[in-house]
Amino acid sequence: MEKYVFGVDIGINSVNVGLFSENIKLIDRWTIPWDKRHKNESVLPYLSQFIKEKAQGKDIKSVGLSVAGPVINNSIVLDYKEQGFGSAHIKAAFEKMTGIDTYVINDCNAAALGEMIEESRVKSFNNAFFISVGKSIGGAVISKGEIITGFSGSAGEIGHIIINPFETEKCRCGRCGCLEQYVSLSGIIKYANTLKLNRMETKLGNMFTIKDISLLAEKGDPLCSKVVEFTGFNIGLALSMASNIFDPEKIILSGGVIDAGENIVNSVINNYRKYAYKDSSKAEITTSKIKENAGIFGAAKFASSF
Ligand SMILES: [Zn+2]
């Protein structure tokens, strides 16, 4: 009998579920809305019911759960209260609810694995860095084709590299001056508003998105051009620091900020090439190919590897 794997990506506002063949071909896909109504309860009991329904009549090998927050031993997520987990042994809890072998992976690591499946169809590679820049900033290290999770599950957390040690406002991680504070979606909007308050010339209205900034920058808007360069500089510089540690052959850019405009991507690439060390600066840089599906593909791939 053919075996199947579930890849689940638990986001803040929704949960994506994919049913895959054992060799990671997507068979079916669902999105479960997960909004404020459920905020104070764990998503797990609800999700386990859903999985049990979809699993009926099928031989399920395993479930991969992609979650935000550091994960240790493929089992325990640390400190992620937004999704009703706190610090919890998710593997044990979900296996008890479903009776299916479950493996837990950090969301950025899952997305990186998902992208790797897609990128490898064109050209195989061993060492890569994946960065996701959206509401938050996360990253993942792929070495010899595998994700490096580190001692405490925090490897690759490029969003929390401190780029400004003199910052006094706190990042959500509790420290001050992290990359995420400046060039996440809200960080960029905040920076643009600061420039507006300083009366820098712009056609930007009161309500705007990163896409608006990118489009106006294309037309030469001074404020928006500065915001695009600020964004590319900070992301490119942080990536160049990361590349000094493990010299990736490929860098994959992903997330809402990256999708907002080609000029942002180009600015990231130019700044990376400018600041990276020696031949590290020649790393191939690509953008996400499967976007919001990356998490379910990666979670399924991870779960099928055990
Ligand atoms: Zn931080």
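Helix axes are lines fitted to C-alpha atoms over the stretch in contact, and the angles between them run from 0 to 180 degrees between N-to-C directions. The legends below describe a predicted model.

**View 1. Helix 5 crosses helix 7 in the predicted model.** The helices shown comprise residues 185-197 (helix 5) and residues 222-246 (helix 7); their axes come within 10 Å and cross at roughly 140 degrees. Because of this angle, helix 5 is oblique to helix 7. The crossing of the two helices is right-handed. Helix 5 contributes Ile-188, Tyr-191, Ala-192, Leu-195 and Lys-196 to the contact, and helix 7 contributes Leu-223, Lys-226, Val-227, Phe-230 and Thr-231. Sorted by class, the residues of this contact are 7 nonpolar, 1 polar and 2 charged.

**View 2. Domain 1 meets domain 2.** Domain 1 consists of two segments, 3-111 and 293-304, whereas domain 2 covers 123-288. The centres of the two domains, taken over C-alpha atoms, are separated by 27 Å. Across the boundary, 10 residues of domain 1 are in contact with 13 residues of domain 2. On the side of domain 1 that touches domain 2, strand 5 (71-72) and helix 3 (107-122) each supply at least two residues. Helix 3 gives the most to this side, with 4 residues. The residues on this side of domain 1 are divided by class into 7 nonpolar, 2 polar and 1 charged.

**View 3. Five strands form an open sheet of mixed pairing.** The order of the 5 strands is 3-2-1-4-8. Strand 3 (26-33) and strand 8 (102-106) stand at the edges; each has a single partner strand, so one side of each is left without a neighbour in the sheet. On average, and with direction ignored, neighbouring strands of the sheet are turned by 20 degrees against each other.

**View 4. Strand 1 runs parallel to strand 4 within the pairing shown.** Strand 1 (residues 3-10) and strand 4 (residues 59-67) are joined by 7 bridges. In this pairing, Val-5 stands opposite Ser-62 in strand 4. In general, strands of a sheet pair through backbone hydrogen bonds, either parallel or antiparallel.

**View 5. Helix 2 and helix 3 are shown with the strands they touch.** Helix 2 (residues 90-98) lies across strand 4 and strand 8, and runs at about 140 degrees to strand 8. Helix 3 packs on the sheet and touches strand 1, strand 4 and strand 8. The direction of helix 3 makes about 95 degrees with that of strand 8.

Conventions:
Residues are numbered from 1 along each chain as its sequence is written. This is a predicted model: local features need pLDDT of at least 70, side-chain atom pairs count only at pLDDT 80 or more; totals for chains, interfaces and linings use all residues. Angles under 35 degrees count as roughly parallel, over 145 as roughly antiparallel, 65 to 115 as roughly perpendicular and the rest as oblique. A crossing is left-handed if the near helix is turned anticlockwise from the far one by less than a right angle, and right-handed if clockwise. Two residues are in contact if their C-beta atoms, placed from the backbone, lie within 7 Å. Ala, Val, Leu, Ile, Met, Phe, Trp, Tyr, Cys and Pro count as nonpolar, Asp, Glu, Lys and Arg as charged, and the others, Gly among them, as polar. Domain bounds come from an automatic or database domain assignment. Two strands pair if DSSP finds at least two bridges between them.
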